[in-house]
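Visitor: I have just opened this structure and would like to learn how to read it. Could you walk me through it, one feature at a time?

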Amino acid sequence: MIYLEDTQVINRILAGNTREYEVLVNRYKDLAFTIAFRILNNREDAEEAAQDSFIKAFRGLSSFRKDSGFSTWLYRIVYNTAVSKKRLKKQIFQNIDELPLSDLTDAPKYDFDAMAERGMILEKAMQRLPEEDRVLITLFYVNESSVEEIQQITGMSKSNIKVRLFRSRKKLQELVSKMTEKIYF
């Protein structure tokens, strides 16, 4: 199978071969969902936001200027779509408080290998961070986006991104330490 660059795929789509869009969807669907999930904290809402984002991107493909990568442009759409969906949901459910995360001391202790257990702890700790911090960590560490790309996606300044990443890493480390301490001691 021949690998085509995003711009080649986009040119084919714009030339009328709309079925090629599936290539872009398959290439970016996982991280699009992850970004939306980090903001919305709900699987169904995140799936809907990711799907809506791909539809918006498809409809706006002719306006894609190619001065940044397609993924950066798409992730900006995902970020904005998820934030808008969250704001709308907050307006609808203003009086409902978020349920607190269950206390890990009540969780059963399984004999998982250390990596799986650490992964679960890390995910629980990530859920306790503010949504923007979860998104920044996901973009920087999971997607390996540069600070410049994150700036394009989120609209934050470079210095703000760097400060928030530093603080988020520190907070995440503290949370993981506390959660690990509760489980093992």
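Guide: Happily! Let's begin with a single residue: Glu-144 counts as exposed, because its relative accessibility is 64% and the cut-off for exposed is over 50%. Do keep in mind that this is a predicted model.

Visitor: Where does Glu-144 lie?

Guide: Glu-144 sits in the loop between H6 and helix H7, which covers 147-154. Its backbone deserves a look too: Glu-144 has a positive phi of about 55° although it is not a glycine.

Visitor: Why is a positive phi worth pointing out?

Guide: The general idea is that most residues other than glycine have a negative phi. Another case here is Asn-41, with a positive phi of about 60° although it is not a glycine. Asn-41 belongs to the loop between H2 and helix H3 (43-59), and it counts as partly exposed, with a relative accessibility of 31%. A glycine offers a further example: Gly-16, just after H1, takes a positive phi of about 120°.

Visitor: You keep mentioning helices. How many helices and strands does the chain have?

Guide: The chain has 8 helices and 0 strands. Written as a pattern along the sequence, that gives α-α-α-α-α-α-α-α. The chain has 185 residues, and 38% of them count as buried.

Visitor: How do I read burial within one helix?

Guide: List the buried residues, then look down the helix axis. In helix H1, residues 6-14, the buried ones are Asp-6, Val-9, Ile-10 and Ile-13. Viewed along the axis of H1, these buried residues fall within an arc of 100°, so they line one face of the helix.

Visitor: What does H1 pack against at an angle of about 145°?

Guide: H1 packs with H2, and their axes are 9 Å apart. From H1, Asp-6, Val-9, Ile-10 and Ile-13 take part, and they meet Tyr-21, Val-23, Leu-24, Arg-27 and Tyr-28 in H2. Sorted by class, this contact of H1 with H2 has 7 nonpolar residues, no polar ones and 2 charged ones.

Visitor: Can we zoom in on one of those residues?

Guide: Let's take Ile-10, which lies in helix H1. Ile-10 counts as buried because its relative accessibility is 0%. Setting aside neighbours within four places in sequence, Ile-10 is in contact with Leu-24, Leu-61, Phe-64, Lys-66 and Phe-70. For Ile-10 and Leu-24, the separation is 14 residues in sequence and 8.5 Å in space, C-alpha to C-alpha.

Visitor: How are H2 and H6 oriented relative to each other, parallel or antiparallel?

Guide: To judge this, look at the angle between the axes. Helix H2 (residues 21-40) and helix H6 (residues 131-142) have axes that come within 7 Å and cross at roughly 155°. Angles over 145 degrees count as roughly antiparallel, and H2 and H6 are therefore roughly antiparallel to each other. On the H2 side the contact is made by Leu-31, Thr-34, Ile-35, Arg-38 and Ile-39, and on the H6 side by Glu-131, Arg-134, Val-135, Thr-138, Leu-139 and Val-142. By class, the contact of H2 with H6 has 6 nonpolar, 2 polar and 3 charged residues.

Visitor: What about the aromatic rings? How many aromatic pairs are there?

Guide: A search of the whole structure finds 9 aromatic pairs. One of them joins Tyr-28 and Tyr-75 in an edge-to-face arrangement, 6.1 Å centre to centre with 80° between the planes. Tyr-28 lies in helix H2 and Tyr-75 in helix H4 (residues 70-92), so this pair ties together parts that are 47 residues apart in sequence. Tyr-28 is buried at 12% relative accessibility, and Tyr-75 is buried at 3%. Tyr-28 and Tyr-75 also belong to one aromatic cluster with Phe-64, Phe-70 and Trp-73.

Visitor: How can I see whether contacts join residues that are far along the chain from each other?

Guide: Compare places in the sequence with places in space. Among contacts between residues at least 6 apart in sequence, 66% join residues at least 24 apart. For a C-alpha distance to look up yourself, try Lys-171 and Ala-125: they are 46 residues apart along the chain, and their C-alpha atoms are separated by 9.0 Å. Lys-171 is found in helix H8 (residues 158-184) and is partly exposed, with a relative accessible area of 38%.

Key
Residues numbered from 1 in each chain as written. Predicted model: local features only at pLDDT ≥ 70, side-chain atom pairs only at ≥ 80, totals over all residues. Heavy atoms only, no water. Buried < 20%, exposed > 50% of the residue type's maximum accessible area, 1.4 Å probe, protein only. Helix = DSSP H or I, 4+ residues; strand = E, 2+ residues; numbered from the N terminus. Arc of directions from axis to C-beta. Axes fitted to C-alpha atoms, helices over the stretch in contact; angles between N-to-C directions. Parallel < 35°, antiparallel > 145°, perpendicular 65-115°, else oblique. Contact = heavy atoms within 4.5 Å. Nonpolar A, V, L, I, M, F, W, Y, C, P; charged D, E, K, R; others polar. Phe/Tyr/Trp six-rings, centres within 6.5 Å; stacked < 30°, edge-to-face > 60°.
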